[in-house]
Amino acid sequence: AFVSLRPDSMVIKSSEEEMPAFLTQEAIVCPTKQRLPVLVGLLRQLKANAGTTGGRGVVFLSNCDSVDYHYELFRKRGVIPDLSLPAIFKLHGNLEQHERQEQLVAFAREPCAVMFVTDVAARGLNMASSSSSTSAGSSGSSASGVQLIIQYDAPCDRLDYVHRAGRTARGIGTHGRSVLIL
């Protein structure tokens, strides 16, 4: 997968064997000061579409401090007024194993939820919906319950992009959306 920025277009390409068949890939280019409002809009859209397309998303951030910051910011709904957002969760390497497990299980039980994560969640975690297995942390499991991936902070390389985006659209005929914010 690679992103090509040209004056006349933006192209995200990947080989078919790398990405799920029903994954829609998008990129949003915006000024730095507009990144947070764009994220709020995407999360509101996720909640609004929860009844038709499902309402579970994962937001990838570059480090543990950023995950904690965004988690607290969105959990305290008074900080950003008039939010109609999904349930909020977090996952990163500085959490104790039992805390990670609790967050994953709670996320899997929510019909409409978002989880702020680092790349610790890009590979091998089961983020399946509660109707599927909730054996969070089992390696190589399906993430069919995730409809939206938001790459708020850009990945370091092509493989990180592929693994992040691949957290959605994992089941046969399952659709997903991956948004890269630049």
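**Exercise 1. Which residue makes a polar contact with the side chain of Gln151, and what surrounds Gln151?**

Solution.
- Start with the side chains: in this predicted model, Gln151 and Arg164 are joined by a polar contact of 3.4 Å.
- Next, place Gln151 in the fold. The residue sits in strand β7, which covers residues 148-151.
- Now check the burial. The relative accessible area of Gln151 is 0%, and the cut-off for buried is under 20%, so Gln151 is buried.
- Finally, list the neighbours, skipping residues up to four places away in sequence. Gln151 touches Phe60, Tyr161, Arg164, Ala165, Ser178, Val179, Leu180 and Ile181.

**Exercise 2. Arg164 also forms a salt bridge. Find the partner, and work out whether each of the two residues is buried or partly exposed.**

Solution.
- The partner is Asp119, with the closest N and O atoms 2.6 Å apart.
- Look at where the two ends sit: Asp119 is in the loop between β6 and β7, while Arg164 belongs to helix α5 (residues 158-165). They are 45 residues apart, so this pair links distant parts of the chain.
- Arg164 has a relative accessibility of 1%, so it counts as buried.
- Asp119 comes out at 32%, which makes it partly exposed.
- Arg164 has company in its helix: the buried residues of α5 are Asp160, Tyr161, Val162, Arg164 and Ala165.
- While you're at α5, look at its start. There, a side-chain oxygen of Asp157 comes to within 3.2 Å of the backbone nitrogen of Leu159.

**Exercise 3. Count the salt bridges, then describe the ones made by Arg177 and Asp68.**

Solution.
- The count for the structure is five salt bridges.
- Take Arg177 to begin with. Its partner is Glu26, and the closest N and O atoms are 2.7 Å apart.
- This pair links distant parts of the chain, with Arg177 in strand β8 and Glu26 in strand β3 (residues 23-28), 151 residues apart.
- Arg177 has 21% relative accessibility and counts as partly exposed. Glu26, at 25%, is partly exposed too.
- Now for Asp68: its side chain meets that of Lys90 in a salt bridge of 2.9 Å, N to O.
- Here the two ends are 22 residues apart, Asp68 in helix α3 and Lys90 in strand β5 (residues 87-91).
- Asp68, at 25% relative accessibility, is partly exposed. Lys90 has a relative accessible area of 15%, so this lysine is buried.

**Exercise 4. Which residues have the most contacts inside the largest nonpolar core, and which elements build this core?**

Solution.
- A general point to keep in mind: in soluble globular proteins, nonpolar side chains tend to be buried together.
- The largest nonpolar core here has 22 residues, and those with the most contacts inside it are Leu39, Leu43, Val59, Phe74, Phe116, Ile150 and Ile181.
- α1 (35-48), α3, β6 (112-117), β7 and β8 (176-181) each supply at least two residues.
- α1 gives the largest share, six residues.
- Zoom in on Phe116. Beyond its neighbours within four places in sequence, it is in contact with Leu39, Leu43, Val59, Leu61, Val67, His70, Tyr71, Phe74, Ile88, Phe89, Lys90 and Leu91.
- Don't stop at one core: a second, separate one of twelve residues includes Val58, Phe60, Phe107 and Val146.

**Exercise 5. What are the buried residues of α1, and how does its reach match the expected span?**

Solution.
- The buried residues are Arg35, Val38, Leu39, Val40, Leu42, Leu43 and Leu46.
- α1 has 14 residues and reaches 20 Å from its first C-alpha to its last. That's close to the 20 Å expected at 1.5 Å a residue.

**Exercise 6. How many disulfides does the structure hold, and are Cys30 and Cys64 buried or exposed?**

Solution.
- Searching the whole structure gives zero disulfides.
- Cys30 has a relative accessible area of 15%, so it is buried.
- Cys64 comes in at 17%, so it is buried as well.
- Cys64 lies in helix α3 (residues 64-75). Leaving out residues up to four places away, Cys64 touches His92, Gly93, Asn94 and Thr118.
- Asn94 is 30 residues from Cys64 along the chain, and their C-alpha atoms are separated by 6.9 Å.

Technical notes
Residues are numbered from 1 along each chain as its sequence is written. This is a predicted model: local features need pLDDT of at least 70, side-chain atom pairs count only at pLDDT 80 or more; totals for chains, interfaces and linings use all residues. Side-chain values use heavy atoms; hydrogens and water are left out. Helices (H or I, at least four residues) and strands (E, at least two) are DSSP runs, numbered from the N terminus. Buried means under 20% relative accessible area, exposed over 50%, partly exposed in between (1.4 Å probe, protein chains only). Contact means heavy atoms within 4.5 Å. A polar contact is a pair of N or O atoms within 3.5 Å; within protein, one must be able to donate a hydrogen and the other to accept it, and residues adjacent in sequence count only if both atoms are side-chain atoms. A nonpolar core is a set of buried Ala, Val, Leu, Ile, Met, Phe, Trp, Tyr and Cys residues joined through side-chain atoms within 4.5 Å. A salt bridge is a side-chain nitrogen of Lys or Arg within 4 Å of a carboxyl oxygen of Asp or Glu. A disulfide is a pair of cysteine sulfur atoms within 2.5 Å. The expected span of a helix is 1.5 Å times one less than its number of residues.
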